[in-house]
Amino acid sequence: MMQGQRSAGHEVMFAGPLDSWLGNACAAQGIPAKHIPMHGLFDIVSHWKLSQLARQSHADIVHGHLIRGAMYAGRAGNKRHRPLSICTAHATTAKTHMQRCGHIIAVSDAVRQNLVGAGYRPEQITVILNGVPDHTSNGEPSMRQALRQELGIADNITAVVNAGRFIHDKGQDLLLRALQQTPTDVHFYLIGDTNTEFGQQISQMVFDSTRVHFLGFRKDVQRILPAFDIYALSSRREALPLSLVEALAARLPVVATIVGGVPEIVLHEETGLLVPSGNADAIAKAITRLHDDPKLAERLSRTGRAFFEDRLTDRKMVEQTLAVYQSCLDQVHRS
């Protein structure tokens, strides 16, 4: 978001813990950043520092992400005059500490509905779907083959991939149960750090180790996605998963559970196949269907890619966010 706003000619600054992946990313991209630790929700010193920074830098917008970011942005900014406070809700469970923000961006309509149910005014909320840069290859067979060789994926297997944290909500256990009901040439590739309590449970429940491959945590997931044949999202809870957006960008036919905002981008039989949450049998049937019907898989990959290009690029996300900023600033001028 910050890179896109900067490219559009705006001045951006990151305020938050610099000893973090985001702080390191800002340093790598040359984005100005101020270290504000934000210990918990009620770090009075951090609240004061952010308020001072917003005023000293003559900020127009203070934009907070997640619950903690919303809390700090709401106190550092204002609802009706500059710097305006805006926040983004990234989860279907988000409902607190956003009252001080003048406007809320929800990453899916499912998130918006949750906020309205919690008492926030509908006109206070704008839905902007998550977008990602298009870092995938253009689908050339030579590139795909090189990636498969790099990852050790044989030509004669159907490679199903899932990327995500190893926590119960992500449902990797459902994938392992589904594996037993898929053709023997279907292999599952799980991307993520298994060094969690749930990850260790998953590692221990592998029934057929020759068909399950743990790729560990990777920073280049989007680059390697074209090596695979199918993307499977088995989550029990989601708002709008970036991994699914990246899968559509990579032209992968997807199987996804009906949770949160997933049905807003996976349109059943159009951009992917939807299955009930928590149902390993349904996941297995959908994967097997794609395995047995290459024409269906090819059609879904094309329509999924077209949906990404139309709705889910980082450019689209940045443009819509800047439009929200401008609309809120226009209201300030009229008041």
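**Exercise 1.** In which helix do Asp173 and Arg177 both lie, and how many residues apart are they?

*Solution.* The model examined here is a predicted one. Begin with the position of the two residues: Asp173 and Arg177 both belong to helix H7, which covers residues 172–179, and they are 4 residues apart, about one turn of the helix. Next, look at the side chains, where the closest N and O atoms of Asp173 and Arg177 are 2.9 Å apart, and the pair forms a salt bridge. Finally, consider exposure: with a relative accessible area of 6%, Asp173 is buried, whereas Arg177, with a relative accessible area of 41%, is partly exposed.

**Exercise 2.** Determine which parts of the chain are linked by the salt bridge between Asp173 and Arg236.

*Solution.* Start from the distance, since a salt bridge requires the nitrogen and the oxygen to be within 4 Å; for Asp173 and Arg236 the closest N and O atoms are 2.8 Å apart. Then locate the two ends: Asp173 is in helix H7, while Arg236 is in the loop between E10 and helix H10 (242–249), so the pair links distant parts of the chain, 63 residues apart. As for its surroundings, Arg236 is partly exposed, with a relative accessible area of 24%.

**Exercise 3.** Explain why the salt bridge between Asp229 and Arg148 ties together parts that are apart in sequence.

*Solution.* Side chains of opposite charge can pair when their charged atoms come close. In the pair of Asp229 and Arg148, the closest N and O atoms are 3.3 Å apart. Asp229 lies in the loop between helix H9 (221–224) and strand E10 (230–233), and Arg148 lies in helix H6 (residues 141–151), so the salt bridge ties together parts that are 81 residues apart in sequence. Arg148 counts as buried, because its relative accessibility is 2% and the cut-off for buried is under 20%. To set this pair in context, the count of salt bridges comes to 18, and Glu150, Arg218, Asp220 and Arg223 are linked in a network of them.

**Exercise 4.** Describe the place of Gln222 and name the residue whose backbone oxygen lies 2.7 Å from a polar atom of its side chain.

*Solution.* Gln222 is found in helix H9, and at 8% relative accessibility Gln222 counts as buried. The backbone oxygen in question belongs to Pro133.

**Exercise 5.** Find the residues with the most contacts inside the largest nonpolar core, and follow one of them outward.

*Solution.* The largest nonpolar core has 50 residues, and those with the most contacts inside it are Met98, Leu115, Phe228, Tyr231, Leu244 and Ile265. The largest share of this core, 5 residues, is supplied by H10. Now follow Tyr231: leaving aside residues up to four places away in sequence, the residues that Tyr231 touches include Val161, Leu225, Leu244, Ala247 and Val255. There is also a second, separate core of 29 residues, which includes Ala178, Phe198, Leu273 and Ala286.

**Exercise 6.** Work out the order of the strands in the open sheet of 4 strands, and state which helices lie against them.

*Solution.* The order is E3-E4-E5-E6, with parallel pairing. The edge strands, each pairing on one side only, are E3 (61–65) and E6 (125–127), and the twist averages 25 degrees from one strand to the next. Within the sheet, 4 bridges join E4 (residues 84–89) to E5 (residues 103–106), and Ala89 has Ala106 in E5 as its bridge partner. Helix H4 (residues 66–76) packs on the sheet, touching E3 and E4, with its direction at about 160 degrees to that of E3. Helix H13 (residues 314–334) lies across E3, E4, E5 and E6 and runs at about 145 degrees to E4.

How values were computed:
Residues numbered from 1 in each chain as written. Predicted model: local features only at pLDDT ≥ 70, side-chain atom pairs only at ≥ 80, totals over all residues. Heavy atoms only, no water. Buried < 20%, exposed > 50% of the residue type's maximum accessible area, 1.4 Å probe, protein only. Polar contact = N/O pair within 3.5 Å; in protein donor to acceptor, adjacent residues only side chain to side chain. Core = buried A, V, L, I, M, F, W, Y, C linked by side-chain atoms within 4.5 Å. Contact = heavy atoms within 4.5 Å. Pairing = 2+ DSSP bridges. Axes fitted to C-alpha atoms, helices over the stretch in contact; angles between N-to-C directions.
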